[in-house]
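User: Please take a close look at one helix in this model and at the loops that go with it. I would like the packing, the burial and any unusual backbone geometry in one connected account.

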Amino acid sequence: MNPRSEMLNLIRSRKEGHSLPQPFYIDQEFFDLDLELIWYRDWLFAGHDCELLKPGSYFTLQVGAYPVVVLRDREGRIRAFHNSCRHRGSRVCTSVRGTSAKLVCPYHQWTYNLDGSLAFARQMGEDFDPSEHSLKPVACESVAGYIFICLANEPADFAPFRELMQPYFAPHNLTEAKIAFESTIVEKGNWKLVWENNRECYHCAGSHPELCKTYSESPNVTGVSGGGEDPEMAEHWARCESAGLPAKFQIHDSGQFRAIRAPLLREAESYTMSGKRAVARPLSDAVQAERIGALMLFNYPTTWNHVLIDHAVTFRVMPIGPNETAVTTKWLVHKDAVEGVDYKLDELTHVWTQTNDQDRRIVEENAFGIRSPAYEPGPYSELHEGGVIQFVDWYARFVETRLGGSGQSHIRRVA
C-alpha cells in the first residue's frame with residue numbers, strides 16, 4: 001500500500017476522540033505528506049512587519065524543502081520570494097536577517113532588485129534575457145503587524161482570516177512595536193504533538209508553576225466552546241468590548257483559526273511571577289482600558305499568540321522532520337520602550353522561557369513513548385482536551401479532503 005492510501009485508510013478508520021495512530025507522529029512518509037498537503041498549501045505565519053523597518057530589511061525562514069526570504073521593497077511593500085538563485089539555485093540570502101540595497105547571490109554575484117527582478121548577471125551572452133530570471137515570488141500578506149506567506153501556486157483566500165483577526169489586533173498597533181527578545185528551541189517531537197500539547201491545559205498544574213500564577217487552566221480558555229456561559233468570561237468580554245476591544249470567542253467555520261480575549265487570574269495584568277506589568281509603557285498608546293487579560297489567536301498550522309496590555313508573545317511552529325519541530329517565540333513591546341528603564345528583560349521573558357522549556361520536555365517524552373511498539377491511540381478528555389479534539393479533527397478533515405476523501409468530520413464544539 002502506498003503512503004497516501006495508507007494515510008487515507010487510517011484517517012477513515014481512526015477512533016474519534018482519540019489520539020492518532022502511530023505513523024502520523026513518527027513516519028517520514030507521513031511527514032512528507034503533511035508538508036505536501038498542509039504546509040505547502042496553507043497560509044503560514046512568517047514574522048512581523050516591525051522586523052522590516054526600512055527598504056532592504058529582510059529575514060529568512062525554511063519551510064520544509066523551501067528556503068524563503070521576506071523583505072521590504074523600495075516602495076515600503078512587504079514581499080516574499082523563494083530564496084533560490086535563478087542561476088544555479090544557491091541560496092541568495094544566507095543570514096537569518098539583514099539589510100541590503102540589493103540581494104546578491106554569494107556564488108556568482110547574480111544581483112536582484114528588491115522587487116525580485118534580476119539587475120545584474122555578468123558575462124551571460126547576448127541572448128540572455130534578465131527579465132526571464134527574476135526571483136520566484138511567494139504569496140505574501142500582512143495584517144495587523146503579522147506577515148503570512150503561502151507556497152501554493154494558487155493560495156487559498158486570505159480574506160476570511162483577515163476579517164476575523166483585524167478587529168481584534170488593530171487596537172494593539174503591533175506594526176509600531178519592536179522585538180525585545182527572540183528565541184528558537186527545537187523540540188524532538190512531531191509538529192502535531194507540539195500543537196496537541198498547546199491546545200490543552202490539562203497538564204498545566206503539574207508542569208507549569210510559573211504560567212499558572214496568571215494563566216487560567218479553565219477549558220473555556222483552551223477549548224472551542226467559547227465560554228460565554230461562564231459569568232466571569234461574559235463579564236470580561238462586556239467590559240473589554242465597552243472599551244472598544246473585540247473580545248468574544250470567534251472561530252472560523254473551517255476550524256483553522258480563532259480568537260478570544262480571556263481574563264488572567266486574580267486580576268493579573270501580565271505574564272509575570274507577580275502578575276504585575278512587565279513593561280511600564282503600554283504596548284499600544286490606543287489601549288487605555290485596565291485588566292484586558294490576554295488576547296489569544298490560534299491559526300493552524302503555524303501560530304498561537306498572547307497579546308497583553310504591556311507586551312505580546314507570539315509563537316511560530318515550523319516542522320523540521322517527523323521527530324523535530326522548531327518553535328520560535330518573540331516578545332514584542334512598544335517601539336519606544338527602553339530595556340533597563342521600562343522593562344527588565346529577564347522579568348519580561350521568564351514565564352514563557354520556563355514554560356517553553358517545560359513544554360519541550362513534555363513533547364519529547366510524549367514522542368519517546370509513542371515510538372514504542374506498544375503504543376495505541378488513547379482517549380482525550382472531553383472536559384479538558386476539547387481543544388485537542390478539535391485540532392485533530394481539523395487535521396484529519398483537511399488531510400482526508402486533500403487526499404481525495406470526503407473530509408466530513410465536523411468541528412467539535414466541546415469545552
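Analyst: The account below deals with helix α9, then with its surroundings.

This is a predicted model, in which local features need pLDDT of at least 70 and side-chain atom pairs count only at pLDDT 80 or more, while totals for chains, interfaces and linings use all residues. Residues are numbered from 1 along each chain as its sequence is written, and side-chain values use heavy atoms, with hydrogens and water left out.

Helices and strands are DSSP runs numbered from the N terminus (helices H or I, at least four residues; strands E, at least two). Helix α9 spans residues 345-370, and a loop joins it to the preceding strand β17 (324-334).

Packing against another helix comes first. Two packed helices are described by the angle between their axes and the distance between the axes. The axes of α9 and α5 (residues 191-198) approach within 10 Å and cross at roughly 125°. Here an axis is a line fitted to C-alpha atoms, for helices over the stretch in contact, and angles run from 0 to 180 degrees between N-to-C directions. That angle makes α5 oblique to α9; under 35 degrees would count as roughly parallel, over 145 as roughly antiparallel, 65 to 115 as roughly perpendicular, and the rest is oblique. The crossing of α5 and α9 is right-handed, a term for the near helix being turned clockwise from the far one by less than a right angle, with anticlockwise giving left-handed. On the α5 side the contact (heavy atoms within 4.5 Å) is made by Leu193, Val194 and Asn197. On the α9 side, Asp359, Ile362, Val363, Asn366, Ala367 and Ile370 take part.

Thr355 also belongs to α9. It counts as buried, at 1% relative accessibility; buried means under 20% relative accessible area, exposed over 50%, and partly exposed in between (1.4 Å probe, protein chains only). A polar atom of the Thr355 side chain lies 2.7 Å from the backbone oxygen of Val351. Leaving aside residues up to four places away in sequence, Thr355 touches His208 and Leu211.

Val351 turns up again in the contacts of Thr272, which touches Thr214, Arg277, Ala278, Glu347 and Val351, with residues up to four places away in sequence not counted. Thr272 sits in the loop between β13 (257-262) and β14 (294-299), and Thr272 is buried because its relative accessible area is 2%.

Two other residues of that loop have backbone angles worth checking. Most residues other than glycine have a negative phi, and most peptide bonds are trans. Arg266, though not a glycine, has a positive phi of about 50°. Arg266 is in the loop between β13 and β14 and is exposed, with a relative accessible area of 65%. Glu267, in the loop between β13 and β14, has a phi near 60°, also a positive value in a residue other than glycine. At 57% relative accessibility, Glu267 is exposed. Beyond β14, the peptide bond from Tyr300 to Pro301 is cis, with omega near 5°; Pro301 lies in the loop between β14 and β15 (303-307).

Back at the loop leading into α9, Asp336 lies between β17 and α9 and is partly exposed, with a relative accessible area of 42%. Asp336 touches Arg281 and Asp342, residues up to four places away in sequence again not counted. The C-alpha atoms of Asp336 and Ser183 are separated by 21 Å, the two residues being 153 residues apart along the chain.

Terms used
Polar contact = N/O pair within 3.5 Å; in protein donor to acceptor, adjacent residues only side chain to side chain.
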